[in-house]
Structures are given as structure tokens and as C-alpha cells.
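Let's walk through this structure together, one region at a time. Have the model open beside you as you read.

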Amino acid sequence: MLLSLIAENAVNWGWGFFGAGLGAGLAAIGAGIGIGRIAATATESMARQPEAAGDIRGVTILTAAFIEGACLFAIVVALLVGTNVENSVKEQNKQFEDKRVETDVKREQG
């Protein structure tokens, strides 16, 4: 009983942080790919129409900033989920300790 509860908490702890890390990593990879595609397309567009280079550059910078903002938001959410998992596991450990103490008291009385 004791070992199964400990193992269950360890698994929850590990999967929670795995998910948070995976979410943050995917957000960073997605932003990198998106900004890379924007830069490639903008460079190609400027090569085809050099007279529109100023406008293209401005739109490119604005779009890259929006992607960076979305990526930062996704990373913050992933880290908050990881912190929430930690607090949840601590609460489960507290409940487990309360049950253990309650069981010990019943054994002493019975």
C-alpha cells in the first residue's frame, strides 16, 4: 500500500514535468520554424521586388514579434502547469500522510 502510493506520486510528478517541458519545447520549436519561414519568404519577396523592401521588412518584424509573443505565452503556461503539478503532488503527499497517521491511530486503539 505504502509503496504503491509513493510510486503513484512519483509517476504523477514525472509526467507533469515531462508534459510541461514538452509543451515549452514544442512552443519554442514552432516559433523558430515560423520565424524562419517568415524570414525566408520575406527575403524572397525583397529579391523579387526590391522597391517594396521597406514595407516587407516592417511587416516581417511585426509578424515575428507576434509569433515571439505567442511563444512566450505558451512557455509561461507550460511552466505554470509544471508548478501546478508540483503543488498537486505536495497536496497528495499531505493526504497520504494524514491517512497513514489515521491508520496508525486505529491500530493503536484496536
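**A single salt bridge and its surroundings**

Searching the whole structure turns up one salt bridge. Please keep in mind as you read that this is a predicted model. Which residues form the salt bridge? The partners are Glu 44 and Arg 48, whose closest N and O atoms are 3.0 Å apart. Side chains of opposite charge can pair when their charged atoms come close. The position of this pair along the chain is worth a look too: Glu 44 and Arg 48 are four residues apart in helix H1, so about one helical turn separates them. As for their surroundings, Glu 44 is partly exposed, because its relative accessibility is 43%, while Arg 48 counts as exposed, with a relative accessible area of 65%.

Now step back to the chain that holds this pair. It contains two helices and zero strands. Helix H1 covers residues 2-48, and helix H2 covers residues 53-109. Of the contacts in the chain with a separation of 6 or more, 82% are between residues 24 or more positions apart.

How much of the chain is buried? Of its 110 residues, 18% are buried. The chain exposes about 8100 Å², and 66% of that area is supplied by carbon and sulfur atoms.

One part of the surface deserves a visit of its own. Trp 15, Phe 18, Leu 22, Leu 26, Ile 29 and Ile 33 make a nonpolar surface patch of about 680 Å². Take Ile 29 as an example from this group: this residue sits in helix H1. Is Ile 29 buried or exposed? Its relative accessible area is 51%, and the cut-off for exposed is over 50%, so Ile 29 counts as exposed.

Next, move over to helix H2, starting with Ile 56, which has its place there. Ile 56 is buried, because its relative accessible area is 17% and buried means under 20%. What does Ile 56 touch, leaving out residues up to four places away in sequence? Its contacts are Ala 42, Ser 45 and Met 46. For one of these, Met 46, there is also a backbone distance to note: Ile 56 and Met 46 are ten residues apart in sequence, and their C-alpha atoms are 7.1 Å apart in space.

Ile 56 also leads us to Thr 60, another residue of helix H2. A polar atom of the Thr 60 side chain lies 2.7 Å from the backbone oxygen of Ile 56. Thr 60 is buried, with a relative accessible area of 17%. Setting aside neighbours within four places in sequence, Thr 60 is in contact with Ile 38 and Ala 42. Ala 42 therefore appears in this story for Thr 60 as well as for Ile 56, both of them buried.

Finally, look at Val 59, also placed in helix H2. Is Val 59 buried or exposed? With 54% relative accessibility, Val 59 counts as exposed. Ala 42 returns here as a point of reference: Val 59 and Ala 42 are 17 residues apart in sequence, with a C-alpha to C-alpha distance of 9.0 Å.

How values were computed: Residues are numbered from 1 along each chain as its sequence is written. This is a predicted model: local features need pLDDT of at least 70, side-chain atom pairs count only at pLDDT 80 or more; totals for chains, interfaces and linings use all residues. Side-chain values use heavy atoms; hydrogens and water are left out. Patches are made of residues with over 30% relative accessible area and no salt bridge: like charges are joined within 9 Å, nonpolar side chains (Val, Leu, Ile, Met, Phe, Trp, Tyr) within 5 Å. Accessible areas come from the Shrake-Rupley method with a 1.4 Å probe; for residues, only the protein chains shown count as cover. A salt bridge is a side-chain nitrogen of Lys or Arg within 4 Å of a carboxyl oxygen of Asp or Glu. Buried means under 20% relative accessible area, exposed over 50%, partly exposed in between (1.4 Å probe, protein chains only). A polar contact is a pair of N or O atoms within 3.5 Å; within protein, one must be able to donate a hydrogen and the other to accept it, and residues adjacent in sequence count only if both atoms are side-chain atoms. Contact means heavy atoms within 4.5 Å.
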